[in-house]
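Please find below my notes on the model, set out as numbered points. They deal with charged side-chain pairs, a hairpin and some backbone angles.

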Amino acid sequence: MALGTAAATASYELRFDSGRICLDLLATTHPEERLDSVEPLRAWISGSGLVPADTSLAAADTSWLVGFRELRGHIGQLVRGEPSAASRPFGIALARVNERARAATPAPRAVWDDAGALVRALDGSPSCAGLLAVVARDAVELLTDPVARASIRQCEGDNCPIVYLDTSRGRRRRWCSSETCGNRERVARHRRRARSAGSAVPV
């Protein structure tokens, strides 16, 4: 890999904190397109747990990028709105996700590692269709689980499109991350209070 490519890939901060793998895929659009080349896609596939960490993804190419980004768009349509059988765009997106979910997924197997522990491996090299099927099936499970679907939230941070499952006590989570959007909101709130206090006219 060229040094420039390695540096660009290392600069990506991929996130896996939405609570579902299909929602983690949606997060790759923010704050900019993260799946803009094959290397970040390989990093996402490994980081998401779709494959064991040491799995070779040498077969991944630009066609994989097209497939993952297309599926991401369909899942975004389905989870960001209310389901409607009368909505043609929703119906098209649902049909595409269902179609992707039909493919055979990678078969796991248990093998011994060098330390003598059982670890997960794949029975053969993963295919793009098989990996997309795992993500699509996760989306199908989410869409058809009323409890999980009711827990879907969109971050309240300014211009943040990230969607996550709110599994907090009392369902009071407001941000995709307390350290990022939550912290920005707290800083902004502090500044507003400071400005308000500074502009108050003393009696």
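1. With which residue does Glu70 form a salt bridge, and how far apart are the closest N and O atoms? The partner is Arg96, and the closest N and O atoms are 3.0 Å apart, where a salt bridge is defined as a side-chain nitrogen of Lys or Arg within 4 Å of a carboxyl oxygen of Asp or Glu. The pair links distant parts of the chain, since Glu70 lies in helix H4 and Arg96 in helix H5 (residues 88-101), 26 residues apart; helices (H or I, at least four residues) and strands (E, at least two) are DSSP runs, numbered from the N terminus.

2. Before going further, please note that this is a predicted model, in which local features need pLDDT of at least 70 and side-chain atom pairs count only at pLDDT 80 or more, while totals for chains, interfaces and linings use all residues. Residues are numbered from 1 along each chain as its sequence is written, and side-chain values use heavy atoms, with hydrogens and water left out.

3. Both members of the first pair are classed as partly exposed, Glu70 because its relative accessibility is 31% and Arg96 because its value is 22%; the classes are buried for under 20% relative accessible area, exposed for over 50%, and partly exposed in between (1.4 Å probe, protein chains only). Glu70 and Arg96 also belong to a network of salt bridges that includes Glu99 and Arg100. By the rule given above, the count of salt bridges comes to 12.

4. Helix H4 (residues 62-79) also supplies Arg69, and the loop between helix H2 (21-26) and helix H3 (38-47) supplies Glu33, 36 residues apart in the chain. The side chains of Arg69 and Glu33 meet in a salt bridge at 3.7 Å, N to O. Arg69 is partly exposed at 36% relative accessibility, and Glu33 is likewise partly exposed at 23%.

5. The loop that holds Glu33 also contains Pro31, and the peptide bond from His30 to Pro31 is cis, with omega near 0°. As background for this point and the last one, most residues other than glycine have a negative phi, and most peptide bonds are trans.

6. Strands E1 and E2 run antiparallel and are joined by five bridges, which satisfies the rule that two strands pair if DSSP finds at least two bridges between them. Ala110 stands opposite Arg120 in E2, and in the hairpin, which has five residues between the strands, Gly116 takes a positive phi near 85°. E1 is hardly covered, as the count of buried residues among its five residues is zero.

7. A salt bridge of 4.0 Å, N to O, joins the side chains of Asp123 and Arg109. Arg109 lies in strand E1 (residues 108-112) and Asp123 in the loop between strand E2 (118-122) and helix H6 (128-143), so the pair ties together parts that are 14 residues apart in sequence. Asp123 is exposed at 56% relative accessibility, whereas Arg109, at 43%, is partly exposed.

8. Two backbone angles deserve a look. Asn159, in the loop between strand E3 (152-154) and strand E4 (163-165), has a positive phi near 55° although the residue is not glycine, and Asn159 counts as exposed at 75% relative accessibility. Arg171, in the loop between E4 and helix H8 (178-199), is another residue other than glycine with a positive phi, about 50°, and Arg171 counts as partly exposed at 40%.
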